[in-house]
Amino acid sequence: MNFKKLFESFSYLSISNIVVIGCSAYATVLLANYLEPEVLGILLTGEAFVEMFSFFFTMGFKNSILEYANRDKDGFIDGLNTALGNALIIRFAIAIPMCIFIYFFAKNIHTDPLMIKVIVTYLLVEFFKSFTNIFGVIRKALDQFKLVASLTAFNKIMQLLTIFVVFKYLGGIEILLLAYILAALIKFLVSFFTTIKFCKPKFDLEGIPSMLKQSFLFGIFDYMEEAQSKIDRLMINYILGPSSVAFYSIPSKLNRLIKILPKSIKQLFLPQLFKTVRSSKDFQSTIKKLFILVIGLALPIALGIYYFSKPVLSFFFYEKYAPAIELAPLFAFIALIWFLNIIPSLILATQSDHKGRNFIQFISIVVNILLNFWLIPVYGIVGAIWATIIANFIKLIMLQIRCLPVFLKASV
């Protein structure tokens with residue numbers, strides 16, 4: 001991918017991200033205004049509960065599909081077709097029994113009927129989403145970023161309209177949960193038909209064990225990375241209750257929206273880095289372009305959150321969540337660390353450094369949990385924020401040290 005094509009693809013993703021961030025932000029405003037804090041807290045906690053099992057839905061396919069296609073002796077495209085077929089087989093074999101297990105596990109630890117309904121809803125959403133994401137990886141590998149960006153923006157617009165229509169004309173939270181399931185099914189069907197025209201799945205039964213192993217190893221890191229972002233909500237719910245989750249989620253939601261940008265950058269550069277990993281010159285050139293992009297975005301975004309998050313959130317949420325909004329500037333430090341994590345994370349992924357990636361992520365999660373147990377009872381919600389900042393900073397330092405040889409080579 002040349003620089004012109006790279007810039008064009010990033011432009012598509014950027015425009016899509018503007019739509020996504022805007023729609024997601026306003027969706028949060030609508031939910032906060034239509035739902036009582038306790039109900040909103042249950043909705044967010046149920047979502048976080050299901051996402052704690054995201055490993056079994058994502059399984060590291062965003063990396064293993066590209067790694068499988070890159071080493072295929074018949075070429076990248078042929079390998080991509082086979083990777084798609086094998087990924088679908090693995091997905092079917094794991095998703096259904098895991099949904100059943102998670103449901104009965106939730107029934108044993110949650111007694112609130114609404115919480116169970118929320119968990120079942122997000123289980124079905126994640127089931128369809130797990131297949132949708134596989135098709136998304138294929139489209140990105142084929143540099144179909146315009147299509148990816150269009151579908152992403154369309155999905156978020158539909159989510160916003162769904163929330164508005166449900167609460168305005170159809171009913172309350174239970175109708176919304178049904179609408180979420182229907183929307184996930186529609187996304188799956190659209191993703192299937194827009195991918196199958198570019199990539200025809202093939203099957204290599206002998207290659208499934210190898211791909212399953214790589215998916216598992218890649219997936220451990222992806223799971224721990226996503227789980228870490230949910231730990232704060234789950235522990236606040238455990239220690240302070242669901243209403244506190246709602247208050248914490250208002251300022252943190254802004255950061256979770258900003259996180260779309262680092263994720264999009266990873267989506268853009270990951271296929272390119274896998275394609276160039278065999279060429280040292282091309283690989284280093286891609287890393288340098290990535291560095292310029294990361295620094296150009298990280299600093300202004302972090303400063304923007306620090307200085308402008310409070311007035312922006314105050315405008316939308318008024319006095320109802322005023323105490324929580326006061327904490328919003330602290331999330332600027334988390335956002336900055338997320339951007340700085342992009343390059344070392346991608347480098348270790350393309351090198352299949354499972355041992356280094358997973359060990360670093362595990363240490364970060366352990367630190368986060370221990371700090372939450374210590375800081376939340378003493379400082380409340382602000383304690384959870386500082387626990388996340390410290391844990392992510394330790395992770396950043398460890399990632400930078402692990403990638404130091406590559407950085408030194410790129411600087412030459």
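**Close-up views of a surface patch and two helix pairs**

Leu-303 is found in helix 12. The model shown in these views is predicted.

**View 1. A nonpolar patch on the surface, with helix 12 as its main contributor.** Helix 12, which spans residues 280–317, supplies the largest share of this patch, namely seven residues. The patch is formed by Tyr-26, Leu-303, Tyr-306, Tyr-307, Phe-308, Val-312, Phe-315, Phe-316 and Phe-333. Together, these residues have about 960 Å² of accessible area.

**View 2. The packing of helix 4 against helix 11.** Helix 4 covers residues 61–70, and helix 11 covers residues 260–276. Their axes lie 10 Å apart and form an angle of about 30°. Angles under 35 degrees count as roughly parallel, and helix 4 and helix 11 are therefore described in this way. Their crossing is right-handed. On the side of helix 4, the residues in contact are Lys-62, Asn-63, Leu-66, Glu-67 and Asn-70. They meet Leu-270, Pro-271, Phe-274 and Lys-275 of helix 11.

**View 3. The packing of helix 14 against helix 17.** Helix 14 (residues 331–340) and helix 17 (residues 381–402) pack with their axes 9 Å apart, at an angle of about 20°. Helix 14 is therefore roughly parallel to helix 17. The crossing of helix 14 and helix 17 is left-handed. From helix 14, Phe-331, Phe-333, Ile-334, Ile-337, Trp-338 and Leu-340 take part in the contact. Their partners in helix 17 are Ile-385, Thr-388, Ile-389, Asn-392, Phe-393, Leu-396 and Gln-400. Phe-333 of helix 14 is also one of the residues of the nonpolar patch in View 1.

Definitions and conventions: Residues are numbered from 1 along each chain as its sequence is written. This is a predicted model: local features need pLDDT of at least 70, side-chain atom pairs count only at pLDDT 80 or more; totals for chains, interfaces and linings use all residues. Side-chain values use heavy atoms; hydrogens and water are left out. Patches are made of residues with over 30% relative accessible area and no salt bridge: like charges are joined within 9 Å, nonpolar side chains (Val, Leu, Ile, Met, Phe, Trp, Tyr) within 5 Å. Accessible areas come from the Shrake-Rupley method with a 1.4 Å probe; for residues, only the protein chains shown count as cover. A salt bridge is a side-chain nitrogen of Lys or Arg within 4 Å of a carboxyl oxygen of Asp or Glu. Helices (H or I, at least four residues) and strands (E, at least two) are DSSP runs, numbered from the N terminus. Axes are lines fitted to C-alpha atoms, for helices over the stretch in contact, and angles run from 0 to 180 degrees between N-to-C directions. Angles under 35 degrees count as roughly parallel, over 145 as roughly antiparallel, 65 to 115 as roughly perpendicular and the rest as oblique. A crossing is left-handed if the near helix is turned anticlockwise from the far one by less than a right angle, and right-handed if clockwise. Contact means heavy atoms within 4.5 Å.
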